[in-house]
Amino acid sequence: MSIVETQEHQDLRASVAALGRRHGRAFDRDTLWSEAGKLGHLGVNLPEEYGGGGGGLAELSIVLEELGAAGCPLLLMVVSPAICGTVIARFGTEEQKREWLPGLADGSRTMAFGITEPDAGSNSHRITTTARRADDADGGGWILNGRKVFVSGVDITDATLIVGRTEDARTGSLKPCLFIVPRDAPGFHRSQIDMELQAVEKQFELVMDDVRLPAGALVGDEDAGLLQLFAGLNPERVMTAAFALGMARHALDKAVDYAKTRQVWKQPIGAHQAIAHPLAQAHIEIELARLMTRKAAYLYDSGDDAAAGEAANMAKYAAAEACVRAVDQAVHTLGGNGLTREYGLASLITASRVARIAPVSREMILNYISHQSLGLPKSY
Ligand SMILES: Cc1cc2nc3c(=O)[nH]c(=O)nc-3n(C[C@H](O)[C@H](O)[C@H](O)COP(=O)(O)OP(=O)(O)OC[C@H]3O[C@@H](n4cnc5c(N)ncnc54)[C@H](O)[C@@H]3O)c2cc1C
């Protein structure tokens, strides 16, 4: 990995930034999604033989960051091409790849991702959504039961990749497994959660009540569940970092513009160090987090899953913290205008907190680094 971005990556940034500028903050999600798909931006990480761009997370994270910087982030990119596309491309059956990857790549089909459960929360070892094999006499396949919460975009996606468990026939222990559940499968109920967050993608609580699935709904191998799951979770972290970085850059740009022009005492407010220094600090923190995000994407794309795990957690942590601080300072820089709808910054206070909480909270990352990187004992 070079410290200087390749010409190819710079060109991709420029092209996505131009697309983002054309759409801006008042973007229509469906139009932007379909345009980005046609330009090959949504499937830039997926294999060429299935209609993708043949790149990796390095490229996909550039797309999301630049759209966010232009004020039009596509949150669904974190789940549809990044988690679901990656998991299917790496572990799906040939049939699943042919059925899903071309559509995920050109954006004509989308997939949500459901792991969080109300009673398990951050402790995903406690998830209880369970799939049992249906009797052959009864048509075979799987029967899925359980509950999920905060799952994004279930109303607009064609299916949801659900993390469940299957019972090991020999030991009786539960193994994590991934199932593709079509949006309108009988027994798959969703109800929208009333969030304060202003975003085009909504969050849902899901109830799976004897959802009948064909044998082919199980992604990949029943015995490789955990490995497959982590193959999807690291991209999710890197993409959340890119999402946070885009938002942070968007907020900082607005604040810097404002600080250059707003005059209260004969000179622009940006001349006061109390305004300038926190903005400079935000800029430094964003740049540091961008470097870490590129490192995490590079490690993942090189196939080093173990090193990518630590780097993806660090990148998500650094980008989320940089984002929360940049947004906070941007709002403050605009004074009263920071809270008007016209400037569109106040709603980012809530949005920036998403990056601190999801998909894994700040504290769980600190736990991971304490235990995995520093070898400290666990408190739980
Ligand atoms: C906008 C949004 C979109 C989301 N989209 C999706 C999605 O598409 N799919 C999906 O599956 N999920 C999604 N989530 C869920 C998200 O991943 C969870 O909210 C997150 O993992 C935290 O789980 P929790 O909300 O149950 O918090 P909890 O686990 O209840 O944690 C609450 C607080 O306690 C802290 N805490 C918990 N355990 C420890 C510990 N051991 N040590 C220290 N602190 C601890 C946490 O850090 C947190 O601050 C989304 C959430 C939001 C807000």
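User: Before we start, what counts as a salt bridge here?

Analyst: In this predicted model, you look at a side-chain nitrogen of Lys or Arg and a carboxyl oxygen of Asp or Glu. Side chains of opposite charge can pair when their charged atoms come close. To count as a salt bridge, the nitrogen has to be within 4 Å of the oxygen.

User: Okay, so how far apart are N and O in the pair Glu 35 and Arg 22?

Analyst: Glu 35 sits in helix α2 (residues 29-38) and Arg 22 in helix α1, 13 residues apart, so the pair links distant parts of the chain. The cut-off for a salt bridge is within 4 Å. Glu 35 and Arg 22 do meet in one, with an N to O distance of 3.6 Å.

User: Is Arg 22 buried or exposed?

Analyst: Let's take its partner too: Glu 35 has a relative accessible area of 28%, which makes Glu 35 partly exposed. The bar for exposed is over 50%. Arg 22 has 57% relative accessibility, so Arg 22 counts as exposed.

User: Which helices does the salt bridge of Arg 13 and Glu 66 tie together?

Analyst: The closest N and O atoms of Arg 13 and Glu 66 are 2.7 Å apart. Along the sequence, the parts they tie together are 53 residues apart. Arg 13 lies in residues 7-23 and Glu 66 in another helix, so the two helices are α1 and α3.

User: Are Arg 13 and Glu 66 buried or exposed?

Analyst: Buried means under 20% relative accessible area. Arg 13 comes in at 11%. Glu 66 comes in at 6%. So Arg 13 counts as buried, and Glu 66 also counts as buried.

User: Which residue forms a salt bridge with Glu 117?

Analyst: Glu 117 is in the loop between β1 (111-114) and β2 (130-133), and its partner is in strand β3 (residues 142-152), 31 residues apart. Glu 117 is buried at 4% relative accessibility, and its partner is buried with a relative accessible area of 0%. The closest N and O atoms are 2.9 Å apart, and the partner is Lys 148.

User: Which residues do salt bridges with shared partners join into one network?

Analyst: Searching the whole structure turns up 22 salt bridges. Some of them share partners, which links their residues up. The network is Glu 5, Arg 13, Glu 65, Glu 66, Arg 249, Glu 287 and Arg 290.

User: Let's move to the domains. How much area do domain 1 and domain 3 bury between them?

Analyst: The domain assignment puts domain 1 at 7-109 and domain 3 at 226-373. Their centres are 21 Å apart, and 25 residues of domain 1 are in contact with 26 residues of domain 3. Of the area they bury, 66% is on carbon and sulfur atoms, and the total is about 2,100 Å².

User: Which residues of domain 1 lose the most area to domain 3?

Analyst: Together, these residues make up 29% of what the domain 1 side buries. They are Arg 25, Leu 57 and Glu 65.

User: How many salt bridges cross the interface of domain 1 and domain 3?

Analyst: Polar contacts across this interface come to ten residue pairs. As for salt bridges, Arg 90 and Asp 305 form one at 2.8 Å, N to O. The number found across the interface is four.

User: Which helix gives the largest share of the side of domain 1 that touches domain 3?

Analyst: By class, that side has 14 nonpolar, five polar and six charged residues. Both α3 (57-69) and α4 (79-91) supply at least two residues. The largest share is ten residues, and it comes from α3.

Notes:
Residues are numbered from 1 along each chain as its sequence is written. This is a predicted model: local features need pLDDT of at least 70, side-chain atom pairs count only at pLDDT 80 or more; totals for chains, interfaces and linings use all residues. Side-chain values use heavy atoms; hydrogens and water are left out. Domain bounds come from an automatic or database domain assignment. Contact means heavy atoms within 4.5 Å. Buried area is the accessible area (1.4 Å probe) that two parts lose on being put together, summed over both. A polar contact is a pair of N or O atoms within 3.5 Å; within protein, one must be able to donate a hydrogen and the other to accept it, and residues adjacent in sequence count only if both atoms are side-chain atoms. Helices (H or I, at least four residues) and strands (E, at least two) are DSSP runs, numbered from the N terminus. Ala, Val, Leu, Ile, Met, Phe, Trp, Tyr, Cys and Pro count as nonpolar, Asp, Glu, Lys and Arg as charged, and the others, Gly among them, as polar. Buried means under 20% relative accessible area, exposed over 50%, partly exposed in between (1.4 Å probe, protein chains only).
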